[in-house]
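Here are some notes for a colleague who is opening this structure for the first time. Please read them with the sequence and the model side by side.

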Amino acid sequence: RYSFSWPRDTYIALLGYSILNYDEEIEKYYVNFLRKTQNRDGFWEQRFYTEGSLAPSWGYQVDETAAVISGAWYYYSVTKNIEFLKDNFNVLEKAVKFLIKYTNKVLDGEESLTYDIWETHKGENTYSLGSVFLALNSMLNIYNVVMGEYFKNRLRLEQIRSKKAKIEDILPKLKRHIYVEFYDEEMETFTRSNKDKVIDISSILLSSIFDVFSPREKKMKNTLERIDEKLKTPSGGYLRY
């Protein structure tokens, strides 16, 4: 009787569904649930009841929106179902428009109030920006695939090329922002946010999932060493931060 749906948590479940070929469940979630719950500005709130109405929440998490785009690309990469991308193209474009607006605010130094994955830190944080990076990269891949479906529609192709150019311009800037602002040279680790010195295990997602940096990147190796030093427990587990 839990009855809650978090877009991020559902995204994680859908990764497994994609591998197991539960295509109907995934497509129903995107077509029926996500279209119904998307905000007019393109984002999704923190959580909903399973029938689609808004559930009580205690803040905003930008990765909930980012996960929807990343999930769509992952599903396509497994199934090669071009019709799925076309059916949800407008939903994904609205979401990425919101993420581009959000990222530009971050790069311009404006306050970006979003909770991190643990819902304990509110503000600019490594996990959330990493999730946005993956989503923007995913949408770039989606555009590259979908372009072939509009080769006879010159206007639509120009629109897609223009939107691709915006993402291609913003991705290296976001990567540089994370690289410079979220790494503590004294501690030799990526920290939870750019305003504290908290070592957070979710930082390893910058290479393992979000693909912002290579695992061979010196700063990522240093981060993993600090996590092992500071967060590993006597029983072999790890603290969140």
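How many residues does α1 have, and how far does α1 reach from its first C-alpha to its last? The points below begin with that helix, and it should be kept in mind throughout that this is a predicted model.

1. Helix α1 has 13 residues and reaches 19 Å from its first C-alpha to its last, which is close to the 18 Å expected at 1.5 Å a residue. Its buried residues are Pro 7, Arg 8, Thr 10, Tyr 11, Leu 14 and Ser 18, and these pack against β1, α2, β2, α3 and α6. Gly 16, which is also found in helix α1, counts as partly exposed because its relative accessible area is 27%. Gly 16 and Leu 231 stand 215 residues apart in sequence, and their C-alpha atoms are 28 Å apart in space.

2. Just after α1 comes Asn 21, a residue of the loop between α1 and α2. Asn 21 takes a positive phi of about 65° although it is not a glycine, and because its relative accessibility is 56%, Asn 21 counts as exposed. A second case is Asp 211, which has a positive phi of about 60° and is likewise not a glycine; Asp 211 is found in the loop between α8 (205–208) and α9.

3. Helix α2, residues 23–37, has 15 residues and spans 20 Å from its first C-alpha to its last, close to the 21 Å expected at 1.5 Å a residue. There is a bend of about 30° in α2 at Tyr 29, and Tyr 29 is also one of the buried residues of this helix, alongside Ile 26, Tyr 30, Phe 33, Leu 34 and Thr 37. An α-helix has 3.6 residues a turn, so residues three or four places apart point the same way. The cover over the buried residues of α2 includes β1 (4–5), α1 (7–19), β2 (48–49), α3 (62–79) and α4 (82–87).

4. The axes of α3 and α6 come within 8 Å of one another and cross at roughly 35°, and this crossing is left-handed. On the α3 side, the residues that meet α6 include Val 62, Ala 66, Ile 69, Trp 73 and Tyr 76, while on the α6 side the residues that meet α3 include Tyr 127, Ser 131, Leu 134, Ser 138 and Ile 142.

5. Is Asn 125 buried or exposed? Asn 125 counts as buried because its relative accessibility is 1%, under the 20% cut-off for that class, and its place is in the loop between α5 (89–107) and α6 (126–146). Leaving aside neighbours within four places in sequence, Asn 125 is in contact with Thr 114, Tyr 115, Asp 116, Phe 182, Arg 192 and Ser 193. The side chain of Asn 125 also reaches the backbone nitrogen of Tyr 127 at 3.4 Å, and Tyr 127 is among the α6 residues that meet α3. Asn 125 and Val 31, by contrast, are 94 residues apart in sequence and 31 Å apart in space, C-alpha to C-alpha.

6. The last point concerns Arg 226, which lies in helix α9, residues 218–230. With a relative accessibility of 11%, Arg 226 counts as buried. Apart from neighbours within four places in sequence, Arg 226 is in contact with Met 187, Glu 188, Thr 189, Ile 199 and Leu 231.

Technical notes: Residues numbered from 1 in each chain as written. Predicted model: local features only at pLDDT ≥ 70, side-chain atom pairs only at ≥ 80, totals over all residues. Heavy atoms only, no water. Helix = DSSP H or I, 4+ residues; strand = E, 2+ residues; numbered from the N terminus. Buried < 20%, exposed > 50% of the residue type's maximum accessible area, 1.4 Å probe, protein only. Contact = heavy atoms within 4.5 Å. Polar contact = N/O pair within 3.5 Å; in protein donor to acceptor, adjacent residues only side chain to side chain. Expected span 1.5 Å × (residues − 1). Bend = angle between axes of the 7 residues up to and from the residue. Axes fitted to C-alpha atoms, helices over the stretch in contact; angles between N-to-C directions. Left-handed = near helix turned anticlockwise from the far one by under 90°.
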